[in-house]
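Trainee: I should like to learn how to read a protein model. Please guide me through it.

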Amino acid sequence: MKKEKFSFSKLSSFHTCEYSYYLNYVFEGRREISKRDSVYGYLGGVVHELIEKMTKNEINKETALKTWQTEFEYTELMDMNFPTDNAKKKYYTSIQHYLENYTPLTSIENMISEEYFIYEINGIPVRGFIDAIVFNEEEKTVRVVDYKTSSKFSKRDLTSSKVFQLILYTMYIEEKYPEYKVLPPAFDMLKYAKSKKNGRVFLRDDIMFFDSSEYERYLLEVPYDEEQKKNLIEYVVSTVDSIDKNDKTDGNDWTPTRDNEFYCSNLCSFYDVCKYCKK
């Protein structure tokens with residue numbers, strides 16, 4: 001029997017909302033459902049693609065900025081709404097500032113972008129794409145970097161399921177590149193910049209008119225140790241076990257995991273057709 005390959009987003013979506021998981025992966029008519037693009041999901045994909053193309057020298061900053069403006073206007077045309085006008089402004093200008101001041105993480109020869117992988121955890125195949133694998137040939141180190149357009153993480157978040165995807169990626173490269181020392185993985189927090197003078201972190205929207213040379217990208221390191229690996233393994237195994245036990249075909253058996261209005265109205269692709277949101 002062929003083993004199902006789980007993506008990490010599929011695993012995490014089960015915890016976010018079981019009913020959304022049902023509509024996306026179980027419901028037989030899922031391909032006919034009218035799904036909507038969330039503004040965060042759509043623009044996050046746009047930014048990832050722009051960074052990848054700039055990294056590979058396929059486009060320059062001017063083209064990236066023009067594309068960013070065009071795609072942002074497209075979301076407005078398609079009524080992909082932000083929670084507030086202020087959130088909309090800060091998101092646009094912060095990403096714009098990142099693109100204007102973009103510098104590659106390293107030379108193109110020392111970096112792999114968007115690497116597809118399959119990695120087995122206790123016999124469970126997990127697949128995905130890694131945004132960036134950065135090598136330092138002199139020091140023989142390697143690090144996973146993930147581009148993030150979300151808000152800042154709390155200290156507690158850095159040992160929670162919110163970072164398990166990076167732990168998974170790093171376990172994969174640790175096994176694939178044994179000749180390199182693995183550094184803790186990091187999020188490239190695109191909406192933020194760090195002061196070179198005192199290390200303070202600022203939303204890029206707040207420093208638009210300051211001297212950009214005084215700031216650098218904000219790489220947020222994630223602890224990588226045996227405890228994090230153990231927690232990731234337990235998360236994957238227990239989630240797949242729960243999915244298997246929850247293998248029901250009747251939509252009435254699947255209910256929202258939790259009441260999360262922000263997720264429902266801003267991130268879920270099924271908000272417009274969800275029977276629970278209609279109540």
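**Reading the model**

Mentor: Let us begin with one pair of residues: Ile-112 has Ile-133, in β3, as its bridge partner. The model is predicted, so local features need pLDDT of at least 70 and side-chain atom pairs count only at pLDDT 80 or more, while totals for chains, interfaces and linings use all residues. Residues are numbered from 1 along each chain as its sequence is written, and side-chain values use heavy atoms, leaving out hydrogens and water.

Trainee: How many bridges join strand β2 to strand β3?

Mentor: Two strands pair if DSSP finds at least two bridges between them. Here 10 bridges join β2 (residues 111-121) to β3 (residues 124-136), and the strands run antiparallel. In this hairpin, with 2 residues between the strands, Asn-122 takes a positive phi near 50°.

Trainee: How many helices and strands are there in the protein?

Mentor: Helices (H or I, at least four residues) and strands (E, at least two) are DSSP runs, numbered from the N terminus. The protein has 8 helices and 8 strands.

Trainee: Is Lys-10 buried or exposed?

Mentor: Buried means under 20% relative accessible area, exposed over 50%, and partly exposed in between (1.4 Å probe, protein chains only). Lys-10 counts as buried because its relative accessibility is 11%. Lys-10 lies in helix α1 (residues 8-16). Of the protein's 279 residues, 44% count as buried.

Trainee: Which residues does Lys-10 touch, not counting residues up to four places away in sequence?

Mentor: Contact means heavy atoms within 4.5 Å. With those neighbours in sequence left out, Lys-10 touches Glu-4, Tyr-21 and Tyr-25.
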